[in-house]
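Colleague: Could you walk me through this structure, one topic at a time? I am still new to the vocabulary, so please explain the terms as they come up.

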Amino acid sequence: MNILIKIPVITVSLFCVFSCRTQHFETPEYGKNGTDEVISLRKVNNFRTVGNIKNADGRILKAAIFYRSGHLHQLKKKSFGQFEKLGIKEVIDLRNSKEIAQKPDDLPQKMIYKNYSAFEDEGDQLDQAKKLVLKGKVNGSDADKRMVDFYREYVTENPQIIKTIITEILESKEPVLYHCTAGKDRTGIITALILTILKFDKETIYNDYLLSNNYRKDLVQKRLRLANTLHFLYPKMDIQVLEKLSWVEKRYLDTAFQEINKKYGSTDLYIQQALGISEGKREEYIQKFTY
């Protein structure tokens, strides 16, 4: 991947103290919250279970099986007991090696930990991209294009890794937690694919995806306000870059599915050919995870 693809996955925290010449804050689209009780883990952002939602055939996804979140670098030992109560036995880290080296997950000793990255940051491209942003050489429009490019590339550039991630999650016999840095893009795409395999309708899939905006709202707004207040540090930076890196948009997920349709003809063929899941196996998963 080139630098244009890699900028979107830079964690927002890299920019939380930077600002710009623009005062506009974008209003994101939020998902419709369900009735489930919010599960709170201190210092872990965007943590939630994917469950209690109905698919196109009226079957309901079982709760407390699939969990998703942002990184677990600041997970407190006081929260380890909550992991046990939730029954989480395995953590799948979707970040690349550099992200992990900078902020490794802090996990209970007996937790099974696996890492599958669909790309690596070769040649410190993320750091180079950061410098361009701070110098004002990347604007909101550039950032938007790079987000779109990232979603397009992620689902098809390294399908074998995506297959491994999906298989690991669906074949797990215990509750599993998968995450990236913010828990919104890579984690959002993987969740959308899982729900597609289980034959959930588009509205339900996209609503779960947009819930990242709900769960990250306070954090993002706080960072945007801070960036605006400290505009004198990096006056050339465009705040819309930070906005584009902070929220998820339907258009981004649209791009991923459009690329799948373009290269494979349909999501069903992608599931069969790229992910190696036959129609029979797909039905097994539906029976396993829904009722």
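Modeller: Let me start with K77, which counts as exposed because its relative accessibility is 60%. The labels work by cut-offs: buried means under 20% relative accessible area, exposed means over 50%, and partly exposed is in between, using a 1.4 Å probe and protein chains only.

Colleague: Where is K77, then?

Modeller: K77 sits in the loop between strand 2 and helix 2 (80-86). Helices (H or I, at least four residues) and strands (E, at least two) are DSSP runs, numbered from the N terminus. The C-alpha atom of K77 is separated by 8.1 Å from that of L107, and these two residues are 30 residues apart along the chain.

Colleague: What kind of model is this, and how are residues numbered?

Modeller: This is a predicted model, in which local features need pLDDT of at least 70 and side-chain atom pairs count only at pLDDT 80 or more, while totals for chains, interfaces and linings use all residues. Residues are numbered from 1 along each chain as its sequence is written, and side-chain values use heavy atoms, with hydrogens and water left out.

Colleague: Okay, helices next. How many residues of helix 7 are buried?

Modeller: For helix 7 the count is 12 of the 12 residues, so this helix is largely enclosed by the rest of the structure. Among the buried residues are R186, T187, I190 and L195.

Colleague: And what span does helix 7 reach?

Modeller: Helix 7 covers residues 186-197 and reaches 17 Å from its first C-alpha to its last, which is close to the 16 Å expected at 1.5 Å a residue. The expected span is 1.5 Å times one less than the number of residues in the helix.

Colleague: What about helix 6?

Modeller: Helix 6 (residues 159-171) has 13 residues and reaches 18 Å from first to last C-alpha, close to the expected 18 Å. Its buried residues include I162, I165, I166 and I169.

Colleague: Back to helix 7, what follows it?

Modeller: Helix 7 is followed by K199, whose phi is positive, near 65°. K199 is found in the loop between helix 7 and helix 8, and it is partly exposed, with a relative accessible area of 25%.

Colleague: Why point out a positive phi?

Modeller: Most residues other than glycine have a negative phi. N52 is another residue other than glycine with a positive value, near 60°, and its place is in the loop between strand 1 and strand 2 (66-69). With a relative accessible area of 40%, N52 is partly exposed.

Colleague: Switching to charges, how many salt bridges are there?

Modeller: A search of the whole structure finds 23 salt bridges, where a salt bridge is a side-chain nitrogen of Lys or Arg within 4 Å of a carboxyl oxygen of Asp or Glu. One of them joins R48 and D208, with the closest N and O atoms 3.9 Å apart. R48 lies in strand 1 and D208 in helix 8, so the pair ties together parts that are 160 residues apart in sequence. Both R48 and D208 are buried.

Colleague: Any others you would show me?

Modeller: The side chains of E249 and K244 meet in a salt bridge at 2.8 Å, N to O, and both E249 and K244 are buried. R282 also forms a salt bridge with D268, the closest N and O atoms being 2.8 Å apart. R282 lies in helix 12 (residues 279-289) and D268 in helix 11 (residues 267-273), so this pair ties together parts that are 14 residues apart in sequence.

Colleague: Are R282 and D268 buried or partly exposed?

Modeller: R282 is buried, with a relative accessible area of 4%, whereas D268, at 37% relative accessibility, counts as partly exposed. Salt bridges that share partners also join K145, D149, R152, E259 and K263 into one network.

Colleague: Last topic, which residues form the nonpolar patch on the surface?

Modeller: That patch is formed by F232, L233 and Y234, with about 300 Å² of accessible area together. Patches are made of residues with over 30% relative accessible area and no salt bridge, with like charges joined within 9 Å and nonpolar side chains (Val, Leu, Ile, Met, Phe, Trp, Tyr) within 5 Å. The accessible areas come from the Shrake-Rupley method with a 1.4 Å probe, and for residues only the protein chains shown count as cover. L233 is found in the loop between helix 8 (202-229) and helix 9 (239-246).
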